[in-house]
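Hi everyone, thanks for coming. I'll put the sequence and the model up, and then we can walk through a few spots together.

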Amino acid sequence: MKNIILLTLSLVSLTLNAQFNLTSSNKNIVKVKGEFITKQKPENIVVNLRVTESDNNYQNCFSIAFQTRKKMIQAFESNGIKKEYIKTKELFVEEQYGWEEKVERHRYKASINMQIEKKYTNEFADRLLQSLKNYTFQVNYSIRFILSENQKKMLRHEAIKQAVADATTKAQLIANAASIQLGAINKITYGEMWDTGFNNIDNDLVSEIEYDSPFAITKAQGMNYEKGIDFNPKEISIKKTVMVEWNIDR
């Protein structure tokens, strides 16, 4: 039968949680959780745009929406934003019912959802603002900043490395305080599965969505674009956690 003794030590204003397990093979282990959070300002900017059109005829509604999409792309291209960065995410038409003078009527509503993603520069911000000012239709849009794939890769590698280092430092402090000698590593568990009970759970981006623009700005609102958009992105964090078990050599 396994006997488990929990030992909690407070060292240098740092609380370290460890478990000493005596297994059926009489092998003692110390288990320590290592964590590390690394952060960086995101490189990429993402602009989500949405325009709606309506008409009594389905085909007309679709044609109007298609032309609106074309004009939107032209508005950005005319200000130096290349077409390759402008992606159409959705273009669909749905039927809508309503009442007018006690008579049921229906119309068709088209929604065009587009997205621009690019590495952020001051020049791009100027071109984006100019495009939105020049565009003559009502457009809803939101702006946020995200980590590039290269940033994510670099931050993840660093966070994993430092999480292991954090666990090692804690284990050494516990070993010194308890007058024991750490042996070889017995097991490393990656992620938070020991807390959640689910496999393949991995801490990663820490609330990336927090750095979205706080509201979507529409052409109809008549807002000051320069004041309405925050082009000073906050840092985005990536967190990694590992659980490391060492054998105890007495």
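Before anything else, a bit of bookkeeping on helix length: the expected span of a helix is 1.5 Å times one less than its number of residues. Helices here are DSSP runs of H or I with at least four residues, strands are runs of E with at least two, and both are numbered from the N terminus. Keep in mind that this is a predicted model, where local features need pLDDT of at least 70, side-chain atom pairs count only at pLDDT 80 or more, and totals for chains, interfaces and linings use all residues. Residues are numbered from 1 along each chain as its sequence is written, and side-chain values use heavy atoms, with hydrogens and water left out.

So, helix α2, residues 122-134. With 13 residues at 1.5 Å a residue, α2 should span 18 Å, and its end C-alpha atoms are indeed 18 Å apart. Which residues of α2 are buried? Buried means under 20% relative accessible area, exposed means over 50%, and partly exposed is in between, using a 1.4 Å probe and protein chains only. The list is F124, A125, L128, L129, S131 and L132. They cover an arc of only 160 degrees around the axis, so they sit on the same side of α2; the arc is taken from the directions from the helix axis to the C-beta atoms. On the face turned away from that buried side, α2 carries the exposed residues N122 and D126.

Now α1, residues 58-77. This one has 20 residues and reaches 29 Å from first C-alpha to last, close to the 28 Å expected. Its buried residues are C61, A65, T68, M72, I73, A75 and F76. Looking down the axis of α1, you'd find them within an arc of 155 degrees, so they line one face of the helix. At the N-terminal end, N57 acts as a cap, with a side-chain oxygen 2.9 Å from the backbone nitrogen of Q59.

Next, two residues in strands. N113 is in strand β6, residues 103-119, and counts as buried because its relative accessibility is 14%. The side chains of N113 and E90 are joined by a polar contact of 2.8 Å. That term means a pair of N or O atoms within 3.5 Å; within protein, one must be able to donate a hydrogen and the other to accept it, and residues adjacent in sequence count only if both atoms are side-chain atoms. Leaving aside neighbours within four places in sequence, N113 is in contact (heavy atoms within 4.5 Å) with several residues, including L49, R50 and F92.

G183 is in strand β8, residues 181-190. At 21% relative accessibility, G183 counts as partly exposed. What lies 64 residues away from G183 in sequence but 4.9 Å away, C-alpha to C-alpha? That's N247. Again setting aside neighbours within four places, G183 is in contact with W246, N247, I248 and D249.

Last bit, confidence. pLDDT is the predictor's confidence in each residue, from 0 to 100. The chain averages 78, and 70% of the residues score at least 70. Confidence is highest in helix α3, residues 149-178, at 94, and lowest in strand β1, residues 3-11, at a mean of 33. Over residues 193-203 the pLDDT is below 50, and that stretch has 19 contacts beyond near neighbours in sequence in the model.
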